[in-house]
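Student: I have a structure on my screen and would like to learn how to read it. Could we go through it together?

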Amino acid sequence: MAGMEQQAQSTDTSNAHENAPAIAIRKLQKTYAGSKGEPGKQALKGVSFDVPQGGVFGLLGPNGAGKSTLINILAGLVSKTGGEAEIWGFDIDSQRRNASRSIGIVPQEIVFDPFFTPYEVLENQAGFYGIPKADRRSEELLEAVRLADKRDAYARTLSGGMKRRLLIAKAMVHSPPILVLDEPTAGVDVELRKQLWELVMQLNAQGVTIVLTTHYLEEAEELCDRIAIIGNGELIANKPTQELIGMAREKIVRVSVDKELAGPVMEEGFLKAETIDARTLEITYNRDVMSAGQVLAVIQSHGYTVEDVTTREADLEDVFVSLTGSGA
Ligand code: ADP
């Protein structure tokens, strides 16, 4: 990946403001025009956040939350209706050219002309950015995404995984310091997902700031050091991943007892109590308010002997569901 490292560092778009965030978004709004008297759709309702330099930033949210709208505004494909955004310190309106040169976007959809080869795809893209032949790094990029042996194959003969890797190489042609991946592993198998994660982590290790949208919580938890959650066009959370996971205050303990339950054991301090079967209870409690030991003591005080206990640790899914009110 040495080629990419040099590329990332030799970019001519040095940050417009030293120490500026990689991406700064301020009160960003988008209302899509309605058709024939229908009201417009407010996809972004004034979203503000920063993407710090150097990390892997996850943009998470249920379908229709506004993730693609936000990415498309940064990419220059959708025009905002309010607010501001800077990429690498460059305003996306008044300094569009520099802003565009500072970001590489890996789209969700795989679209290649089937009769171009991977080498040609990269060369064409370099031509699009006006990169002189001598400064092009198509070979190195193919090497980096492990497609060197497919250099001259028609794109239509590549596997899905190879096409996705080629898309990443294509987004890196102009050596942007920021790489945005829109749902990079949607619909790919476990093996390929791991490969793509590895590639993303390698690029990050070489200094490229990564932004990815995903609805796979596991992916966000694994890759991202910081996560913003958007729902219904609004920013719901923006925190370091570990802190976000720590926000799940609810814990669940499942308890089997020695005899048939007369009913759910409900106590002050329990958020929820359910009977799972004749002898099994599930209690949801706030870990700030009580401990698992106290939950068991309550059950015993009702005359039951506890035979088996399992607890479930909170994860990103719990936080996500409680913040957005929906499953991922
Ligand atoms: P996400 O990527 O999080 O699934 P989107 O940004 O695609 O969300 O969509 C946000 C909202 O904007 C949705 O309600 C969607 O239906 C609407 N929307 C997206 N694109 C358009 C468009 N071109 N015209 C009208 N409404 C749109």
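Tutor: Here are some questions and answers on the chain, its ligand and its cores.

Student: Let's start with the whole chain. How many helices and strands does the protein chain have?


Tutor: Good place to begin, and keep in mind that this is a predicted model. The C-alpha trace spans about 80 × 50 × 45 Å along its principal axes. Within it, the protein chain has eleven helices and 14 strands.

Student: What share of the residues in the protein chain is buried?

Tutor: A residue is called buried when its relative accessible area is under 20%. The accessible surface of the protein chain comes to about 15,900 Å², with 46% of that surface belonging to carbon and sulfur atoms. Among the 328 residues of the chain, the buried share is 46%.

Student: Now the ligand. Which helix gives the most residues to the shell around the ligand?

Tutor: The residues around the ligand include Gly64, Ala65, Gly66, Lys67, Ser68 and Thr69. Strand 2 (41-51) and helix 2 each supply at least two residues of this shell. Helix 2 covers residues 67-75, and with three residues the top contributor is helix 2.

Student: How do the residues of that shell divide into nonpolar, polar and charged?

Tutor: The list around the ligand also has Tyr32, Lys41, Ala43, Pro62 and Asn63. Gly counts as polar in this grouping, while Ala, Tyr and Pro count as nonpolar and Lys as charged. The shell then divides into four nonpolar, five polar and two charged.

Student: How far is a polar side-chain atom of Thr69 from an oxygen atom of the ligand?

Tutor: Let's look at the backbone first. A backbone N or O atom of Gly64 is 2.7 Å from a ligand oxygen, and a polar backbone atom of Ala65 is 3.1 Å from a ligand oxygen. For Thr69, a polar side-chain atom and an oxygen atom of the ligand are separated by 2.5 Å.

Student: What percentage of the ligand's accessible area does the protein cover?

Tutor: On its own, the ligand has 560 Å² of accessible area. The part of this area covered by the protein is 61%.

Student: Back to helix 2. Which residue just after helix 2 takes a positive phi?

Tutor: Helix 2 runs over residues 67-75, and its buried residues are Lys67, Thr69, Leu70, Ile71, Ile73 and Leu74. Right after the helix, a phi of about 85 degrees is found at Gly76.

Student: Which residues have the most contacts inside the largest nonpolar core?

Tutor: This core has 47 residues, and helix 7 (residues 190-205) gives the most to it, with six residues. Beyond its neighbours within four places in sequence, Ile210 is in contact with Gly55, Val56, Phe57, Leu179, Leu181, Val200, Leu203 and Asn204. A second, separate core of 26 residues includes Val51, Leu59, Leu70 and Leu74. In the largest core, the two with the most contacts are Leu179 and Ile210.

Student: Is Thr117 buried or exposed?

Tutor: Thr117 sits in the loop between strand 6 (103-106) and helix 4 (118-128). Leaving out neighbours within four places in sequence, Thr117 is in contact with Arg151, Asp152, Ala153, Tyr154 and Ala155. Because its relative accessible area is 7%, Thr117 is buried.

Student: Why does Arg146 count as partly exposed?

Tutor: Arg146 lies in the loop between helix 5 (138-144) and helix 6 (160-171). Its phi is near 55 degrees, a positive value in a residue other than glycine. Partly exposed means between the 20% and 50% limits, so Arg146 fits that class, with a relative accessibility of 47%.

Student: How far apart in space are Val321 and Pro62?

Tutor: Val321 is in helix 11 (residues 316-324), and Val321 is partly exposed at 33% relative accessible area. In sequence, Val321 and Pro62 are 259 residues apart. In space, C-alpha to C-alpha, their separation is 9.8 Å.

Student: And how far apart in space are Phe270 and Ser79?

Tutor: Phe270 belongs to strand 12 (residues 270-277), and it is buried, with a relative accessible area of 6%. Its contacts, leaving aside neighbours within four places in sequence, are Val265, Ile283, Thr284, Met290, Val295 and Val298. Phe270 and Ser79 are 191 residues apart in sequence, and their C-alpha to C-alpha distance is 48 Å.

Technical notes. Residues numbered from 1 in each chain as written. Predicted model: local features only at pLDDT ≥ 70, side-chain atom pairs only at ≥ 80, totals over all residues. Heavy atoms only, no water. Buried < 20%, exposed > 50% of the residue type's maximum accessible area, 1.4 Å probe, protein only. Helix = DSSP H or I, 4+ residues; strand = E, 2+ residues; numbered from the N terminus. Contact = heavy atoms within 4.5 Å. Near = heavy atom within 4 Å. Polar contact = N/O pair within 3.5 Å; in protein donor to acceptor, adjacent residues only side chain to side chain. Areas by Shrake-Rupley, 256 points an atom, 1.4 Å probe, with all protein chains shown as cover. Core = buried A, V, L, I, M, F, W, Y, C linked by side-chain atoms within 4.5 Å.
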